[in-house]
Amino acid sequence: MTPALALTGMFVVPLVQAILVVLLPRPPGLRDVLHIGLSLLTAGLAVYLLNTVAHGVPVRVVFAQPLPNVDLAFSAEPLGALVAVVIAGLSVLHAAHTTGFVRATGEKAASGLMAFNALAAAAAMAVAYSSNLFTMFVAYQALALVASPLAARRDDEDAGRSVRTFLATILAPSMGLFLPAMVWTYTIAGTAEFQAGGILAGRGLDEGTANVLLVLFVVGLAMSAMPPFYQWLSATSGATYPSLVSIQALAVLPAGGLAVLKIAAFVFGSELNDAKLAAHALVAIAGVGMCIAALIALSKQDLRERLAYSCMAQALAVVMGALLALSAGLFAAALQIVATMCAATTLMMAAGTTAAVTGRRNAADYPGLGRVMPWTFAGFAVASASMIGMPPFAGAWAKVWLIIAAATPGAGLIWAAVLIGVAAVLTFAHLGPLAAAALAARAPTDAFKRPDGASILLATPVIVGAAATLWLLVLADPLASFLSPVWTPHP
Amino acid sequence: MIEGYIVLLRAHAPLLAIAVPLAVAALTALIASPRVAWVVASFGALTTAMIAVDMAGRILLGGTQPLMQEGVGLGVDAVGAFGAAIVSLGALLAVIAAGATLKDFGKAAPFALATGLAASAAWSGVVLARDFVGLFVGAQAGWLAVAGVVALAALRDRAGLNGALRMLSAGGVSAALMLLGIGLLATSINGVELSVLATNWHGAPISAATGLALISIALAICAAIAPLHAWAPISYARGGAFAGLLIGTVASAGALCGLARLIAFGVASPEVGGGVSLALSVLGGASVLVGSAQAVGAASLRRLAAYAVAVQGGCILLGIALGSPAGFEAAFVQLFGLVASVLALIGGAAAAGGDTLGALDGLGRRAPLASVAITAGALSLMGAPLSIGFLGRWRLIEAALGVGWWWVAAVAIAASLAGVFYGGRLIERLYFRRASTAVAASRDPWRFALAPALLSAIAAVALGLQPIVLLHAAESASQLVLGRAE
Amino acid sequence: MAPLVSALHLALAAGIVLLMCGVALGWASVSVAKRVVGVIVALLGAIVGLAALGAPQAMMIAGAAALFAYVTIGAGILARLQEAYGATDVADIDRGDADAEPAEPSA
């Protein structure tokens, strides 16, 4: 096994998985084993790659050369490898949960659901491993396309409108804003290849250009849920839970945050200091957007909508961290991506389990359910606490680093730190009471649609996800040293 | 011995690229059975394509000197070689794809195929002509032949006649403008040979430039550049799939190549170069914006294709207008992209038996291969990465930034942005809608006719992934043409 | 010598005027017959202009051939349109076509 082969396998295995799952829908047992088994294989490859990166071995695979001097190439660097491991690992849980979910709900087109979930995870990992701007653009567009069928999976007849909004609000900004920014960067720097310290740094950029480029890049990456292009998130919130996990917790939303982070770290680097005006404006938009999203979440009764806005608030924290122009901010953003992915995936799977076995979808129906589904709601509570940023859970570290980074004299954005705090309080308001009521209130008498409750496939992923969220807590320091090459420019 | 024949054939390749399709057209028209005629026409088109591609390969990639053929008024330059290859490949795929819609023409199918072959011969003549007489005759013959195919579609849908009428009046206008333009140009540069254009500018630059402008407008009408494309939507929509394919892949491609040949001489001249590129870029920009706006609101697939051709044609004009080798290269890449997308879109839809947008609803389930072809065409129109359309747009933006024309880059981005909307709408219909009951009983496609659409779809993606050969050909074409014009 | 030059100029001007009238008629007239006539007038004007400019004879012959082709094909289409639609008004024909075009479900 060579690292290059493993990196290729990261994309080939999910592709094979998608094809096999579609080709072999019967017997369902075989299909489910294939789905979970191949997800596991992908996760193994991701861990192997992470290990390789930790030992300092460079890995780069060129798939094609679509433009002179620009490759379609993937490489493993610490940030990408870390996020890919988390995606691949959570994908295993998601795969198991999906199989449980489709069994519990009698989902008709289960194979397609599994296939597109696998492809979406692969495309998100492609964003993570992308070695240059062009490859990231390709992976980003591919992710939008493979996730669109997931956005169309809903109970009502509104699939067409949902897909249109999803594709339009993601693809149009990427074509209209990100693409020109990419070509512009290429003409300035003569390269599109990511590099620590930023490819634009030291090119003698004037402030105007730097500011405009930053706005084009960040607003063009609509997957980060950065206002004004966030409507895709609410448009998809009516989808079924396995799709929602992919869209909001595992693939699409984290990929957007990661893309912004990679742009900040590898394209701008120290050049962000020349784009202060745009960066501060974007931080302000993200901060205010975060508070508003958390507030909207509070007003939503349908749990899917509430979680969508909650995830949006978390994703905007990533953007804030990435734009602070500090290594502490970059680390906070990286940690925030990882912590949010674990927490949000767990939360969504727990809500999915609840919906599958009790048919309850509204926040008002949750009180007391923790009594009859203790494991699921234990996971729900842990994940909620992490999303809120309650110490000592993983999300807390990200929030603390973010507040420290914003408030340091280097950034001097006390108001940004305040916004992060306000958003955390609002997140507590829309998640905390829900979890508390579910665990503390009296159990409802007719909780389950069927007498046997949640199957092991539905409950276990939630518990493991919650455990992962807890485990992250002890990893903050090792992660900081592992990720340090990201913000340390090469000589 | 055989090598001797091959050398002889290669020496006369330009002539053969025109004579072979004409001869096969005559043969095809004599055959009574539509299927037999289709087979014969396909072989004829294949032979022509092989000759033209071989010629282009030798000149663009093999370093053979462009040749002037004495006695027949033909001369191959780099653009001509590139154009003849594209036109003949387009004609080949259009003829093969016509297999799915032969029954639209009934007993006249052999005649329609013959006319199509004649059109391809004539447009090859335009790109291979050595003098303005050949250019004019080729353009008119090609135009009327395509109009004839549109008129033949009236056998099934009388609106074909309306399309033919529009083409006739537009073509007549273009012929008159071209004629006067050639007159002005010929008297001011003292000759009708295209090559004289490069050297004899100094006599009367204003009247020569006026002549060049008139010829350019005439060719822009033929290429369906918006807003001169009033004839195009109805001819595409109601002239049948074969006519739509011919218009897009043969007539538009031929006219755009002819235009590129002329402009290569014009922009190199210091007296009028600035004016020529300004006028062209304004026309190109207008075409992109008008075409995009119309494509977003298009009511049927082939109308959408007509507007998309206007958008792509506008991008090609913008590339030519830049006047730099990079701009010409971008134009050639886009030309290839245009042909591939038209074939994939119209060919895919024709093979699946659907002309309307409504017929595309849920086609992803009913005809997966045709849907893949249409999707690839739509993605290429959007300029989605890893497609030939993206490559063309990227090269155009790069070339525009290279000479500091920011607004051209902005227009190219606008074209892609609009492409997201109209291309996305197609994809949404293919995969995210349920078929209405009315179209559920569509006819069974004649399988082989899908091959051209699929081939184009594969080319649109494969050349987006590994475009080295195409880029090399486009690059050497642009350098040869600009080098000679200087 | 001078009068000859002005006669040529007059002829060129006449040719251009004819051409422009023909173009306007051929491009935008409401009647099919007038469009065909417009095309013919435009081509005639172009040929007159060519003659006035002293362009090579080959061009004029080619122009005359094109004129012939447009006249015959135009006449053929005119007749077929009359048969098929019973009208020679472009607006009427367009209306007939729009009615026949399959209705699209709204997006």
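Select chain B and consider its contacts between residues at least 6 apart in sequence: 80% of them join residues at least 24 apart. Two residues are in contact if their C-beta atoms, placed from the backbone, lie within 7 Å. This is a predicted model, in which local features need pLDDT of at least 70, side-chain atom pairs count only at pLDDT 80 or more, and totals for chains, interfaces and linings use all residues. Residues are numbered from 1 along each chain as its sequence is written, while chains are lettered from A and ligands numbered from 1 in the order in which they are written.

**Chain B as a whole**

Keep chain B selected and colour it by secondary structure: 21 helices and 2 strands appear. Helices (H or I, at least four residues) and strands (E, at least two) are DSSP runs, numbered from the N terminus. Along the principal axes, the C-alpha atoms of chain B fill a box of roughly 70 × 55 × 45 Å. The radius of gyration of chain B is 21 Å, which agrees with the value near 23 Å for a compact globule of 486 residues; the radius is taken over C-alpha atoms, and the globule rule is 2.2 Å times the number of residues to the power 0.38. Of the 486 residues in chain B, 72% are buried. A residue is buried if 20 or more other C-beta atoms lie within 10 Å of its own, exposed if 12 or fewer, and partly exposed in between, with C-beta atoms placed from the backbone.

Next, select B:Val39, which lies in helix H3 (residues 34-61) of chain B. B:Val39 is partly exposed, because 14 other C-beta atoms lie within 10 Å. Add B:Ser235, 196 residues away along the chain; the C-alpha atoms of B:Val39 and B:Ser235 are separated by 26 Å.

**The loop between H9 and H10 of chain B**

Move to the loop between helix H9 (205-222) and helix H10 (232-238) of chain B, where B:Pro227 is placed. The peptide bond that leads from B:Ala226 into B:Pro227 is cis, with omega near 0 degrees. B:Ala224 is found in the loop between H9 and H10 of chain B as well, and its phi is positive, near 60 degrees, in a residue other than glycine. Most residues other than glycine have a negative phi, and most peptide bonds are trans. With 29 other C-beta atoms within 10 Å, B:Ala224 is buried.

**Where chain B meets chain C**

Now show chains B and C together. Of the 2 pairs of chains in contact, this pair shares the most contacts. The contact takes 35 residues from chain B and 41 residues from chain C. On the chain B side, helix H6 (132-152) and helix H7 (159-189) each supply at least two residues, and H7(B) gives the largest share, 18 residues. That side divides into 22 nonpolar, 10 polar and 3 charged residues; Ala, Val, Leu, Ile, Met, Phe, Trp, Tyr, Cys and Pro count as nonpolar, Asp, Glu, Lys and Arg as charged, and the others, Gly among them, as polar.

Select H6(B) with helix H3 (residues 57-85) of chain C: their axes come within 10 Å and cross at roughly 10 degrees. Axes are lines fitted to C-alpha atoms, for helices over the stretch in contact, and angles run from 0 to 180 degrees between N-to-C directions. H6(B) and H3(C) are therefore roughly parallel to each other, the term for angles under 35 degrees. Among the residues that meet here are B:Phe136 and B:Leu144 in H6(B), and C:Met59 and C:Ile73 in H3(C). The residues of this helix contact comprise 12 nonpolar, 1 polar and no charged.

Chain C itself has 4 helices and 0 strands, and 36% of its 107 residues count as buried.

**Where chain B meets chain A**

Hide chain C and show chain A, as chains A and C do not touch; their nearest C-alpha atoms are 9 Å apart. The contact between chains B and A takes 24 residues from chain B and 23 residues from chain A. H18(B) gives the most to the chain B side, with 9 residues.

**Local features of chain A**

Finally, select A:Arg26 and A:Pro27, joined by a cis peptide bond with omega about -5 degrees. A:Pro27 lies in the loop between helix H1 (3-23) and helix H2 (28-54) of chain A. End at A:Ala225, in the loop between helix H7 (207-220) and helix H8 (231-235) of chain A. A:Ala225 has a positive phi of about 65 degrees although it is not a glycine, and it counts as buried, with 31 C-beta neighbours inside 10 Å.

Methods. Parallel < 35°, antiparallel > 145°, perpendicular 65-115°, else oblique.
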